[in-house]
Amino acid sequence: MKPIITATDLSKWYGDVIGLNSLDLEIKPGITGIVGPNGAGKSTLFKLIMGLIKPKLGEIEVLGERPWRNPGINAKIGFCPDYESLPLDSTGRDYLALIARLQGVSGVDGRVQEVAETVGMSGDIGRKIGGYSKGMKQRVKIAAALVHRPELLILDEPLAGTDPLGRKDLIELIGALHRDSGFDVIVSSHILREVERMTREIALLYKGRAIASGNISEIRALIDKHPHNVVIRGEGTRQLAKRLLDEEYVISVRLGDDLVTIEVREPDMFFRDFPGIAREQASGVEEIYSLDDNLESVFDYLVEG
């Protein structure tokens with residue numbers, strides 16, 4: 001698939017502060033998560049994508065176009081910011097109608113109702129925004145980003161400040177925007193486990209650089225040699241742990257009441273061999289999982305490494 005965004009040796013700095021530092025990145029159609037701590041360069045990247053700022057060095061192409069000094073690119077991008085500046089005394093309908101008119105949308109009333117239904121707000125769109133929950137406000141912001149029928153959606157920290165149920169609903173909405181409505185979506189977060197629930201395609205940014213990008217499984221493969229801590233729970237785990245110490249890829253064993261934690265240097269080899277070893281020892285294994293098999297561990301390892 002042809003990338004929707006390509007950044008090549010892209011750099012931007014503000015005085016002595018580096019926003020992006022020789023960033024090379026390709027974003028393909030679908031849902032892509034941009035992940036990194038505060039100051040990683042996510043906001044700078046979004047501003048460059050939308051043509052709001054000019055690169056100092058390098059190039060960026062968005063939907064086949066250069067965004068700087070290209071007002072037409074704005075018609076193709078819908079942006080939901082991480083900050084909130086909604087008119088609390090207005091109804092959701094009036095707010096969306098205003099945004100639609102500013103964007104030159106025809107058939108405003110019909111389009112407002114359409115995007116309200118898309119984000120699951122049709123029953124509350126006539127209420128004042130001041131009475132909305134945080135999740136409802138986020139939905140109205142997303143609706144505003146959709147109202148002019150863009151090709152690409154950029155959602156900056158859309159889950160921030162929402163409760164667990166609200167996060168679940170928003171994650172489902174983001175998936176539906178691509179699956180059912182055909183939007184390509186870029187969603188940012190500093191919480192890796194949230195992005196992992198939305199998409200398998202991610203880019204990890206740190207200090208203005210993309211330290212890894214691609215499918216989650218591919219990024220995890222980057223640390224196959226990094227020791228993993230694997231927890232085994234059940235009956236006979238002590239005898240099983242003693243047997244596992246004979247394997248060259250096992251570094252150490254820590255014993256608990258009904259569990260053991262195995263540190264291994266070759267996680268793929270361990271998980272390949274483990275079923276046979278467990279059967280050989282007639283162990284009553286009830287649960288096995290890796291403490292390091294998640295994006296947070298991958299990110300920490302890549303940054304520290």
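This tour visits two helix pairs and one strand residue in a predicted model.

Begin by selecting helix H2 (residues 92–102) together with helix H4 (residues 134–146), whose axes come within 9 Å and cross at roughly 25 degrees. Because angles under 35 degrees count as roughly parallel, H2 is described as roughly parallel to H4, and the crossing of these two helices is right-handed. Now show the side chains where they meet: H2 contributes Tyr95, Leu96 and Ile99, while H4 contributes Val140, Ala143 and Ala144. Colouring this contact by residue class gives six nonpolar residues, with no polar and no charged ones.

Next, move along the chain and select helix H8 (residues 237–244) and helix H9 (residues 267–280), whose axes come within 11 Å and cross at roughly 125 degrees. At that angle H8 and H9 are oblique to each other, and H8 passes H9 in a right-handed crossing. On the H8 side, display Leu240, Arg243 and Leu244, and on the H9 side display Phe270, Phe274, Ile277, Ala278 and Glu280, which together make the contact. Coloured by class, the contact of H8 with H9 has six nonpolar and two charged residues, and no polar ones.

Finally, select strand E12 (residues 259–264), and within this strand pick out Val264. Is Val264 buried or exposed? With a relative accessible area of 0%, Val264 is buried, since the cut-off for that description is under 20%. To end the tour, add Asn229 to the selection and draw a distance between the two C-alpha atoms: Val264 and Asn229 lie 35 residues apart along the chain, yet these atoms are separated by 6.5 Å.

Technical notes
Residues are numbered from 1 along each chain as its sequence is written. This is a predicted model: local features need pLDDT of at least 70, side-chain atom pairs count only at pLDDT 80 or more; totals for chains, interfaces and linings use all residues. Side-chain values use heavy atoms; hydrogens and water are left out. Helices (H or I, at least four residues) and strands (E, at least two) are DSSP runs, numbered from the N terminus. Buried means under 20% relative accessible area, exposed over 50%, partly exposed in between (1.4 Å probe, protein chains only). Axes are lines fitted to C-alpha atoms, for helices over the stretch in contact, and angles run from 0 to 180 degrees between N-to-C directions. Angles under 35 degrees count as roughly parallel, over 145 as roughly antiparallel, 65 to 115 as roughly perpendicular and the rest as oblique. A crossing is left-handed if the near helix is turned anticlockwise from the far one by less than a right angle, and right-handed if clockwise. Contact means heavy atoms within 4.5 Å. Ala, Val, Leu, Ile, Met, Phe, Trp, Tyr, Cys and Pro count as nonpolar, Asp, Glu, Lys and Arg as charged, and the others, Gly among them, as polar.
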